[in-house]
Amino acid sequence: MNKILPVLFLIAVQLQSQTLIKGVVKDAKGPIFAANVFLKSQPEQGTTTNFDGTFELGLISEKDTLIVSYIGYTTLERTLNQLKKAQIN
């Protein structure tokens, strides 16, 4: 059975100057190392999280979708607009 990455882990995502996304990937036990993170419009430009679960990605459009995947977990897709609203609340 695949675990689902909780939606709350991406609240730490920051859109900075519309050119960079920074975030942390966590589950209930803490940071997730080596999770794959990429934007739907440019999957070839993706990255993996470091030991602290953090990542940085270049951003082309705030209308894009962030995708996070990790072995044993269900892949998570969230639009950047959804994540931006989650930060405000």
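**Salt bridges and a four-stranded sheet**

Lys22 is partly exposed, with a relative accessible area of 29%. In this predicted model, the side chain of Lys22 forms a salt bridge with that of Glu56, at an N to O distance of 3.8 Å. The two residues belong to distant parts of the chain, Lys22 to strand S3 (residues 20-24) and Glu56 to strand S8 (residues 54-58), and are 34 residues apart. Glu56 is likewise partly exposed, its relative accessible area being 46%.

Two salt bridges are found in a search of the whole structure. Besides the pair just described, Lys40 forms a salt bridge with Glu77, with 3.2 Å between the closest N and O atoms. Lys40 lies in the loop between strand S6 (36-39) and S7, whereas Glu77 is in strand S11, so the salt bridge ties together parts that are 37 residues apart in sequence. Both residues are partly exposed: the relative accessible area is 48% for Lys40 and 38% for Glu77.

Strand S11 also takes part in an open sheet of four strands, which are paired antiparallel in the order S7-S6-S9-S11. Strands S7 (42-48) and S11 (76-79) form the edges; each has a single partner strand, so one side of each is left without a neighbour in the sheet. From one strand to the next, the twist averages 25°.

Strand S9 (residues 65-69) runs antiparallel to S11 and is joined to S11 by four bridges. Within this pairing, Ile67 stands opposite Glu77 of S11. Ser69 is also located in strand S9. With a relative accessibility of 16%, Ser69 counts as buried. Leaving aside residues up to four places away in sequence, Ser69 touches Ala35, Asn36 and Thr75.

Conventions. Residues are numbered from 1 along each chain as its sequence is written. This is a predicted model: local features need pLDDT of at least 70, side-chain atom pairs count only at pLDDT 80 or more; totals for chains, interfaces and linings use all residues. Side-chain values use heavy atoms; hydrogens and water are left out. Two strands pair if DSSP finds at least two bridges between them. Axes are lines fitted to C-alpha atoms, for helices over the stretch in contact, and angles run from 0 to 180 degrees between N-to-C directions. Buried means under 20% relative accessible area, exposed over 50%, partly exposed in between (1.4 Å probe, protein chains only). Contact means heavy atoms within 4.5 Å.
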